[in-house]
Amino acid sequence: MATSHMSSFPLSQPEHGSADAVLRWVLRARDRAGRCGIHCGSSSAVRLCQAADAKKESLEGLVLHLGGEPVTPGRWKDIVATGARPWIRYASTEMGVMAIA
């Protein structure tokens with residue numbers, strides 16, 4: 001972040017958002033472009049999918065780029081039940097991305 005502010009293209013600071021706020025953003029982005037992608041951990045993805053399910057919203061057209069924690073069978077089930085498509089990366093700092101499922 002600090003380096004970006006010394007360049008011509010500073011990045012905004014990340015903000016914590018509730019699952020409902022992220023859901024609203026995802027639905028607007030997806031409806032505008034026909035698809036949307038988010039990079040997050042699987043537990044955050046499940047919270048987003050639970051928020052969508054509670055509001056009876058489909059997440060068809062959303063690709064969830066998942067990493068940083070295991071995607072258990074239960075988490076996978078919660079994600080795909082909403083119509084979202086999980087894309088799992090297995091990576092390490094030393095090796096980079098080693099597998100994508």
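What follows is a friendly exchange about how the labels for this predicted model are earned.

Me: Before we start, what are the ground rules for this structure?
Reply: This is a predicted model, in which local features need pLDDT of at least 70 and side-chain atom pairs pLDDT 80 or more, while totals for chains, interfaces and linings use all residues. Residues are numbered from 1 along each chain as its sequence is written, and side-chain values use heavy atoms, with hydrogens and water left out.

Me: How do you know how many helices and strands the protein chain has?
Reply: They are DSSP runs, numbered from the N terminus: helices are H or I over at least four residues, strands are E over at least two. The protein chain has four helices and four strands, and from the N terminus the order is α-α-β-α-β-α-β-β.

Me: What makes Arg30 buried or exposed?
Reply: Buried means under 20% relative accessible area, exposed over 50%, and partly exposed in between, with a 1.4 Å probe and protein chains only. Arg30, in helix α2 (residues 19-33), has 14% relative accessibility, so Arg30 counts as buried. Across the protein chain, 28% of the 101 residues count as buried.

Me: Which residues is Arg30 in contact with, leaving aside its neighbours within four places in sequence?
Reply: Contact means heavy atoms within 4.5 Å. With those neighbours set aside, Arg30 touches Arg35, Cys36, Ser58, Leu59, Glu60 and Gly61.

Me: Why is the meeting of the Arg30 and Asp31 side chains called a salt bridge?
Reply: The rule asks for a side-chain nitrogen of Lys or Arg within 4 Å of a carboxyl oxygen of Asp or Glu. Arg30 and Asp31 meet at 3.0 Å, N to O, so the pair passes the 4 Å test. Asp31 has 56% relative accessibility and therefore counts as exposed. As background, side chains of opposite charge can pair when their charged atoms come close.

Me: How many salt bridges are there by this rule?
Reply: The count comes to two. Lys55 and Asp20 also form one, at 3.8 Å, N to O. That pair links distant parts of the chain, since Lys55 is in the loop between α3 and β2 and Asp20 is in helix α2, 35 residues apart. Lys55, at a relative accessible area of 47%, is partly exposed, and Asp20 is partly exposed at 32%.

Me: What is the phi of Lys56, and where does Lys56 lie?
Reply: Lys56 has a positive phi of about 60° although it is not a glycine. Lys56 lies in the loop between α3 and β2. Its relative accessible area is 74%, so Lys56 is exposed.

Me: How do you know that β1 and β2 pair?
Reply: Two strands pair if DSSP finds at least two bridges between them. Strand β1 (residues 36-40) and β2 have five bridges, in the parallel sense, so the pairing rule is met. Within this pairing, Cys36 stands opposite Leu62, and His39 has His65 as its bridge partner.

Me: What makes the crossover from β1 to β2 right-handed?
Reply: The test is to look with the strands pointing away from the viewer: the path from the first strand over the helix to the second must run clockwise. Here the chain goes from β1 through helix α3 (residues 42-54) to β2, and this β-α-β crossover is right-handed.

Me: Why is strand β2 described as largely enclosed?
Reply: Four of the five residues of β2 (residues 62-66) are buried, so the rest of the structure largely encloses this strand. In β1, Cys36, Ile38 and Cys40 form a covered face, while Gly37 and His39 form an uncovered one. Ile38 has 16% relative accessibility, so Ile38 counts as buried. The C-alpha atoms of Ile38 and Leu64 are separated by 5.1 Å, although the two are 26 residues apart along the chain. Ile38 is in contact with residues including Val22, Trp25, Leu48 and Leu64.

Me: What makes Trp87, Val97 and Ile100 a nonpolar surface patch?
Reply: Patch residues need over 30% relative accessible area and no salt bridge; like charges are joined within 9 Å, and nonpolar side chains (Val, Leu, Ile, Met, Phe, Trp, Tyr) within 5 Å. Trp87, in strand β3 (residues 85-92), is partly exposed at 31%, so Trp87 passes the 30% cut-off. Together, Trp87, Val97 and Ile100 make a patch of about 270 Å², with accessible areas from the Shrake-Rupley method and a 1.4 Å probe, where for residues only the protein chains shown count as cover.
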